[in-house]
Amino acid sequence: MGKEYGGSPKIHRVESKKKRVTWILGVTGLCIFCYLLGTWQNSWSLPNDTTRLSNPKMGCASITRTASSTSVSLDFEAHHAHVVGGNETSKQGITFKPCDLKYSEYTPCQDPSRAHKFARARLIYRERHCPEKNEILKCLIPAPPKYKNPFPWPKSRDYAWFANVPHRELTVEKAVQNWIQVEGDKFRFPGGGTMFPRGADAYIDDINKLIPLTDGSIRTAIDTGCGVASWGAYLLKRNIITMSFAPRDSHEAQVQFALERGIPAMIGIMSSERIPYPARAFDMAHCSRCLIPWKDYEGVYLIEVDRVLRPGGYWILSGPPINWKKYHKGWQRTPEDLKQEQDAIEDVAKRLCWKKVVEKGDLAIWQKPMNHIECVKSRETYKIPHICKNDNPDAAWYTKMETCMTPLPEVNDINAVAGGALEKWPKRVTAIPPRIMSGSIPGITAEKFNEDSKLWNDKVANYKRLIGELSHGRYRNIMDMNAGLGGFAAALANDPVWVMNVVPSDGQQNTLGVIYERGLIGTYQDWCEAFSTYPRTYDLIHAAGVFSMYQDRCGIADILLEMDRILRPEGIVIFRDVVDVLVKVESLIDGMRWRSEMRDHESGPFNQEKILIAVKQYWTGEAQDGSS
């Protein structure tokens with residue numbers, strides 16, 4: 001019989017296994033205890049008020065946090081008493097001083113003081129002309145004295161505080177046309193317009209008698225030369241969202257009024273460059289005495305409208321020269337001149353293969369064809385405009401307009417919709433967009449689109465838990481700085497908000513066409529430059545992955561200062577990025593009169609992507625007499 005030794009290898013292996021199991025169980029238990037302890041401790045520092053951040057979930061993740069962010073209660077209440085005092089200093093030692101009050105309406109890329117240096121031909125001087133790097137302001141744009149939070153939607157459609165946009169020019173210049181009126185400390189917007197003195201609502205009803213506005217087939221519209229955007233305002237109740245744009249010109253602050261009312265709008269002009277939207281974006285385009293010379297420059301402006309119109313889309317024209325027999329004396333133009341202008345417009349439309357649907361009273365409506373099968377054949381008759389070749393139809397960031405017609409995607413059936421048919425609204429927002437179905441967006445399949453939609457539904461649900469007022473309309477004007485496929489905006493489609501979906505012009509994928517196919521709106525933008533809007537025009541800004549994208553291209557501080565410019569006092573920013581980037585952001589916004597708080601990713605504390613929520617504090621510039 002073999003001898004049994006006390007030091008048998010079998011016994012050592014068993015004991016070793018027992019020790020390892022005990023050690024693993026002990027470490028696991030310790031981690032769980034730390035996680036629960038951390039969660040319990042964080043719950044004591046946060047308020048229960050539904051108007052503040054709620055439902056904390058901070059774990060054992062290693063995150064560098066500021067002292068203020070561990071105990072801060074982000075206050076979303078209105079406080080209209082703080083006049084600018086001292087400067088703010090960030091943890092990097094950077095002091096962000098307030099700018100002079102004269103900059104309270106500063107628009108860096110449409111600055112009138114810079115515009116005069118550029119050509120006046122075709123109004124090129126009113127296009128985007130951004131400051132050089134050494135000219136960029138490094139200060140905080142002040143709100144005007146007595147600034148107040150805008151009225152909540154839908155009251156904001158009809159009223160705005162005078163102190164927020166202190167301009168009376170339009171109340172005098174457009175008094176007869178009922179654009180805008182002053183009533184005490186408020187502006188009132190009766191809904192009138194140059195060509196709709198009975199109001200935008202009645203005007204839209206007239207259009208609805210001619211083309212279908214309420215069956216969901218028309219969802220996205222563009223209003224060129226929008227005034228105070230009353231046309232877009234009254235289309236909203238018909239589930240049509242309008243991109244309204246107008247230049248910064250003698251009609252002072254018209255786009256600012258539109259945004260103050262809670263209506264989508266941008267500063268923009270049809271001049272020498274394409275408007276910053278993709279091809280086949282809009283179901284309907286509108287010009288009501290917009291003063292765009294449609295017949296000039298070989299019809300280039302109608303050619304540009306054709307580029308952004310969807311197949312089967314409508315172009316609506318009212319004002320000169322339509323109904324010239326009735327209005328020529330009031331317009332102080334001869335019948336011959338007006339008839340010649342209308343004939344020229346009709347000729348350009350015919351060459352674009354548009355069909356004139358109707359001309360009735362003050363309205364004329366044309367329709368773009370569903371495809372270009374017949375239009376290609378017509379080039380034998382109409383040599384001008386020719387069809388563009390080797391052209392990216394979606395390129396529209398500092399891209400020159402061309403006098404060639406943008407080709408539609410090829411189809412074999414005369415009745416087919418080029419590029420693919422769309423579902424009617426509201427199914428359109430969740431349906432797989434034709435650009436994805438056709439494989440036009442590299443790497444994005446129908447399956448990935450659906451996954452992205454579900455992901456953003458979950459993320460937005462989390463945002464709503466953190467920011468109780470997000471679902472209730474307090475934050476009306478929202479911007480998504482890196483919109484991707486539009487999932488963030490789609491998840492908010494049933495809330496009383498609208499979202500400006502921004503696709504970075506230098507991003508890896510151009511997804512803005514997908515966003516429009518979903519029935520949402522947006523624009524291109526390079527975030528190393530200023531956005532085409534006035535200060536204080538957005539209530540909430542969503543910035544997912546923006547700083548990881550741009551940190552090596554331009555200064556983080558410059559982008560943050562631009563966000564501060566366009567964000568309203570007491571507005572919110574939701575940053576979503578990797579923790580290292582957010583720590584840099586957090587260290588800078590300490591010096592910007594913002595308060596912030598870091599949160600974990602929805603999946604838990606071990607995800608390196610985090611959420612930083614910041615609130616811009618209320619403060620204003622000082623009036624010259626020193627009063628606020």
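## Enclosed space

A cavity here is a set of grid points where a 1.4 Å probe fits but cannot get out. With that in mind, let's look inside this predicted model. The second largest cavity holds about 50 Å³ of space, while the largest holds about 270 Å³. In the whole structure, the search turns up four cavities of 30 Å³ or more.

## The largest cavity

How many residues line the largest cavity? There are 21 of them, and those nearest the cavity's centre are Arg128, Gly268, Ile269, Arg274 and Pro276. By class, the lining is made up of 12 nonpolar, five charged and four polar residues.

Two strands are worth finding in your viewer: β8 (265–267) and β15 (521–525) each give at least two residues to this lining.

## The second largest cavity

Around the second largest cavity you will find Arg274, Ile303, Glu304, Arg307, Cys388, Met401, Glu402, Cys404 and Thr406. Four of these lining residues are nonpolar, four are charged and one is polar.

Arg274 is a handy residue to select: it is listed in the lining of the second largest cavity, and it is also among the residues nearest the centre of the largest one.

## Helix α18

Now for a helix: is α18 (residues 579–589) mostly covered or mostly open? Helix α18 is mostly covered, with eight of its 11 residues buried. Near the start of the numbering, the buried residues include Val579, Val581 and Leu582. The others in the buried set are Val585, Glu586, Ser587, Leu588 and Ile589.

Definitions and conventions:
Residues numbered from 1 in each chain as written. Predicted model: local features only at pLDDT ≥ 70, side-chain atom pairs only at ≥ 80, totals over all residues. Heavy atoms only, no water. 1 Å grid on protein atoms, 1.4 Å probe; cavity = no way out; pocket = protein on both sides within 12 Å on 5 of 7 lines; lining within 4 Å. Points joined across faces, edges and corners; volume = space filled by probe spheres on them. Helix = DSSP H or I, 4+ residues; strand = E, 2+ residues; numbered from the N terminus. Nonpolar A, V, L, I, M, F, W, Y, C, P; charged D, E, K, R; others polar. Buried < 20%, exposed > 50% of the residue type's maximum accessible area, 1.4 Å probe, protein only.
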